[in-house]
Amino acid sequence: AEYDHLRAEYDHLRAEYEASRPPFECPMGVGNVWTHGPVAGRERLRADNGTTLHPCQKPALFARRMIEASTRPGDRVWVPFGGTLRESIAARDIARESAESARYVVTSELNEDGPDYIGAALRQYHGEGTRPVDPRQGRMF
């Protein structure tokens with residue numbers, strides 16, 4: 001009883017700390033080294049003439065993994081170099097699967113080449129010229 005007030009203060013501070021701490025949760029067995037072949041097929045951003053856009057396009061599954069592992073549902077995600085919209089597409093897919101799990105992406109692109117590929121990324125975001133994900137396709141986690 002003598003230390004109850006100290007314990008209550010500690011519990012309050014601990015709860016405040018846990019709420020402000022960035023989350024990081026990966027399923028058992030998932031490490032910090034991920035491998036994936038080059039982005040190809042319908043996921044690869046291409047110009048109207050078929051040429052490849054953006055030399056360093058990361059897989060949408062990586063963006064999804066990063067968002068799910070490091071944010072909580074309802075969080076806002078800031079992507080300062082997001083011209084290929086990978087994170088936006090991942091957040092849209094998460095929200096479509098479960099509204100309770102939705103995250104919100106705020107992004108920008110300062111690269112001068114951005115106008116070359118943002119249009120293709122927006123078309124892909126809206127599902128134009130892409131095929132739906134096969135439900136039999138395994139998720140990365």
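**Exercise 1. A salt bridge across the sequence**

Lys58 is partly exposed, with a relative accessible area of 28%, on a scale where buried means under 20%, exposed over 50% and partly exposed in between (1.4 Å probe, protein chains only). This is a predicted model, in which local features need pLDDT of at least 70 and side-chain atom pairs count only at pLDDT 80 or more, while totals for chains, interfaces and linings use all residues. Residues are numbered from 1 along each chain as its sequence is written, and side-chain values use heavy atoms, with hydrogens and water left out.

*Task.* Identify the residue whose side chain meets that of Lys58 in a salt bridge, and state which parts of the chain the pair ties together.

*Solution.* Step 1: apply the criterion, which asks for a side-chain nitrogen of Lys or Arg within 4 Å of a carboxyl oxygen of Asp or Glu. Step 2: the partner that meets it is Glu87, at 2.8 Å from N to O. Step 3: Glu87 lies in helix 3 and Lys58 in the loop between helix 1 and helix 2, so the pair joins parts that are 29 residues apart in sequence; helices here (H or I, at least four residues) and strands (E, at least two) are DSSP runs, numbered from the N terminus. Step 4: compare the surroundings of the two partners, since Glu87 counts as buried at 9% relative accessibility, whereas Lys58 is partly exposed at 28%.

**Exercise 2. Salt bridges within helix 1**

*Task.* State how many salt bridges the rule yields, and work out how far apart in sequence the partners of Arg7 and Arg14 lie within helix 1.

*Solution.* Step 1: the count comes to eight salt bridges. Step 2: Arg7 pairs with Asp11, with the closest N and O atoms 3.8 Å apart, and the two residues are four places apart in helix 1, about one turn of the helix. Step 3: Arg7 counts as exposed at 51% relative accessibility, while Asp11, at 37%, counts as partly exposed. Step 4: Arg14 pairs with Glu18 at 3.1 Å between the closest N and O atoms, and these residues also lie in helix 1, four residues apart. Step 5: Arg14, Glu18 and Arg21 are linked in a network of salt bridges.

**Exercise 3. The aromatic pair**

*Task.* Find how many aromatic pairs the structure holds, and classify the geometry between Trp34 and Phe62.

*Solution.* Step 1: rings of Phe, Tyr and Trp (its six-membered ring) pair if their centres lie within 6.5 Å, and planes under 30 degrees apart count as stacked, over 60 as edge-to-face and the rest as tilted. Step 2: by this test the structure holds one aromatic pair. Step 3: Trp34 and Phe62 have centres 5.4 Å apart and planes at 65°, which gives an edge-to-face arrangement. Step 4: the pair links distant parts of the chain, 28 residues apart, with Trp34 in the loop between helix 1 (4-20) and helix 2 (60-70), and Phe62 in helix 2. Step 5: Phe62 is buried at 14% relative accessible area, whereas Trp34 is partly exposed at 25%.

**Exercise 4. The nonpolar core and its surroundings**

*Task.* List the members of the largest nonpolar core, and then trace which residues Tyr117 and Thr84 are in contact with.

*Solution.* Step 1: a nonpolar core is a set of buried Ala, Val, Leu, Ile, Met, Phe, Trp, Tyr and Cys residues joined through side-chain atoms within 4.5 Å. Step 2: the largest core has six residues, namely Leu45, Leu53, Leu85, Tyr117, Ala120 and Ala121. Step 3: apart from this core lies another of five residues, among them Ala63, Ala90, Ala91 and Ile94. Step 4: with contact taken as heavy atoms within 4.5 Å, and leaving aside neighbours within four places in sequence, Tyr117 touches residues including Leu45, Leu53, His54 and Thr84. Step 5: Thr84 lies in the loop between strand 1 (76-79) and helix 3 and counts as buried at 8% relative accessibility; on the same neighbour rule, Thr84 is in contact with Leu45, His54, Tyr117 and Ala121.

**Exercise 5. Confidence by element**

*Task.* Decide which element has the lowest mean pLDDT and which the highest.

*Solution.* Step 1: pLDDT is the predictor's confidence in each residue, from 0 to 100, and the protein chain averages 81, with 89% of the residues scoring at least 70. Step 2: helix 4 (residues 114-125) has the lowest mean, 75, and strand 1 the highest, 92.
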